Number of protein chains: 2
Amino acid sequence: MTLDDRKLEVLRAIVEDYVATQEPVGSKALVERHQLGVSPATVRNDMAVLEEEGYIKQPHTSAGRVPTDRGYRLFVDRLSRVKPLSPAERRAIERFLLGAVDLNDVVHRTVRLLAQLTRQVAVVQYPSLNRSSVRHLELVPISTTRIMLVMIADTGRVEQRLVEMPAPVPDDDVADLRRRVNDKLVGKPMIEAPALVQALVEEVAPLRRPAMSVLASVLLETLVEPHEERVALAGTANLARGGLLDFKGSLRPILEALEEEVILIKLIGEVEPSMTRVRIGDENEIDNLRSASVVSTGYGPGSTIVGGLGVLGPTRMDYPGTIATVRAVARYVGELLAQN
Amino acid sequence: MTLDDRKLEVLRAIVEDYVATQEPVGSKALVERHQLGVSPATVRNDMAVLEEEGYIKQPHTSAGRVPTDRGYRLFVDRLSRVKPLSPAERRAIERFLLGAVDLNDVVHRTVRLLAQLTRQVAVVQYPSLNRSSVRHLELVPISTTRIMLVMIADTGRVEQRLVEMPAPVPDDDVADLRRRVNDKLVGKPMIEAPALVQALVEEVAPLRRPAMSVLASVLLETLVEPHEERVALAGTANLARGGLLDFKGSLRPILEALEEEVILIKLIGEVEPSMTRVRIGDENEIDNLRSASVVSTGYGPGSTIVGGLGVLGPTRMDYPGTIATVRAVARYVGELLAQN
DNA sequence: ACTGGCACTCGTTACAGTCGAGTGCCAGTA
DNA sequence: TACTGGCACTCGACTGTAACGAGTGCCAGT
């Protein structure tokens, strides 16, 4: 069964009205608010077909129609054009991001901005180490057997880790270690780290081998461990806006999911170049988020991608607007990163 | 009017029952569940007095009584003894905190642990820079005019900041700057930073003055700016537990407050030595939190205090248990910090 | 292929009545 | 004087009934 143009138009009208009013929309109201050129009865017939095909449904027999996840999907794929941002919004984005002083600040500001513009929960991933390279490594002696490793990535991200040495390490040796790791790793992408670190251990004199191999294992942990992905979150208060009508009652499962970094990473971290991903309701792999939608995209300097960002909201969200905002913010952040 | 012992006992019974059942408690149920040795009628008279004094109230006529903020206050101050933790809880705390690899990890684990044990929202402040001293300063050249400043505090906290130089700075000069700032600041408490930094600028050769003074201003920003306090948060999902009965309906104001770092700092950051602070309902200065209670305390190695931690929950919370848990966690974290 | 009309469904609202937990008060008792 | 048993009263929660109306499906007519 293929839907003719008018039926699609009816679906669009239903989605738009429902998103705007949050109430099931009936045939009469629909013809009043949109220029469909036909009578309510005709619209009802179209609705019956749309319902049969699973694009809309009735909460109960004598109520209007509400889009299903499938209906939103069709809407997003074929019926909506991306709204251009208003000049005011563009200005807001620029103003907000200009004042950032370092990477933490950029991420922090971005996530708050995104939450504010979309009025939903925003998530921003810190530039992934997997996709960046080493700018500098620093070793700071804390005690005779403890050294703090500080790693600075080219994206501006900084990670630190305490290294517990098997035996006391004199300052000279620390300097030597520092020189060696920097010579070997600076400028290299993190993905190459395992091989390079391995080489480091092999090249070093047998006497210093133990120290270097401990350092090496911490280095690997810092540079390539998957759990080193980090995210920032903002706008959870927006969840409590829609009078608890969204999200089928309880916010609990949603809040629980948002507390798990792993889940957040999964949500916005899997990004392909220049693609905006929209996951609607049941399309979400995470059970707790089956009543929510996620719009996510990648960002990075130029056309490369170093991380993901996105928002989470009720399935009944303004998809065109949200998609536009998410994309725009991602683009601005990319530009900002390119400047550094 | 002074309350005799039995009236206090009645109040305690009301608080305990209400906290346990979440339902207004009546005179009959009270004499059944507690050994008060008197009849319901007598209890009713006592209740009338307690109500007159503002310790309890009726949600509506012909319902049981519910403690007021004032009632909880009296309960906390005079009627409750701190519950000792169960061995299982102690073990949980130790196990949870033992695996921590660095400060971030400690804070992260602590906040999650607290949230889990108390089943409420937990907040942990990172060790305050105001109360710690400088362990090491590192300057990493990013480009000819950009230097990244990395500061390591003795608590293990690491802060980084980008320094934008007015003119290109050769590597030798960077090394010189590095040596100078370290010589001057390492081992010194942050509070002394302003004077020391001032001296640094004055001591340097006029030629290098501009570079040093830019660096100095960023240093000050990093070391003493009040907004450099940081916090970690966990357990927001617990807010949505009590079927929305707690918190007078909407979670929105609470979630909003929790998004503001400044508010969180205010909540748990103002701590005096070895004092556990309990703020109940209206006692909170922040309007959005008038329907919540906050239990907070300070922590730090030995008997010093480097930061605060605490939990936030409904006014109807298990105060003795919560206070005990908060204190215990604070003590363990202190010990952990002392070891490093 | 569309439309107007009509019977039907069913959630919502309003109202009345009953039930019962809980209260306040009072007279009676140790 | 302090407590108790008894009793009338209050008022929210629940139940049942009725009216309402938004919205539908269907069908005959254009």
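**Two chains and a DNA strand**

Let's start at the DNA. Helix 3 of chain B gives the largest share of the surface near DNA strand C, with four residues. Keep in mind that this is a predicted model.

Now the rest of that surface. In total, 20 residues surround DNA strand C. Which are the closest? They are A:Val38, A:Thr42, A:Thr61, A:Ser62 and B:Gly26. So much for single residues; on to the helices. Chain A brings helix 3, residues 40-52, with at least two residues of this surface. Chain B brings helix 2 (27-33) and helix 3 (40-52), again with at least two residues each. What about class? The surface near DNA strand C counts 10 polar residues, seven nonpolar and three charged.

Next, the protein chains. How many residues of chain A are in contact with chain B? The number is 23, and they meet 23 residues of chain B. On the chain A side, three strands and a helix each supply at least two residues: strand 4 (134-143), strand 5 (146-153), strand 6 (158-164) and helix 10 (252-259). That side of chain A divides into 12 nonpolar, seven charged and four polar residues.

Last topic: symmetry. Turn chain A by 180 degrees, shift it 0.1 Å along the axis, and it lies on chain B with an RMSD of 0.1 Å. That is how a two-fold axis relates two copies. Where does chain A come nearest to the axis? At A:Glu138, whose C-alpha is 4.0 Å from it. And both copies use the same surface: 100% of the contact residues of chain A recur in chain B.

Conventions:
Residues numbered from 1 in each chain as written. Chains lettered and ligands numbered in written order. Predicted model: local features only at pLDDT ≥ 70, side-chain atom pairs only at ≥ 80, totals over all residues. Near = placed C-beta within 6 Å. Nonpolar A, V, L, I, M, F, W, Y, C, P; charged D, E, K, R; others polar. Contact = placed C-beta atoms within 7 Å. Least-squares fit on C-alpha atoms with pLDDT ≥ 70 in both.
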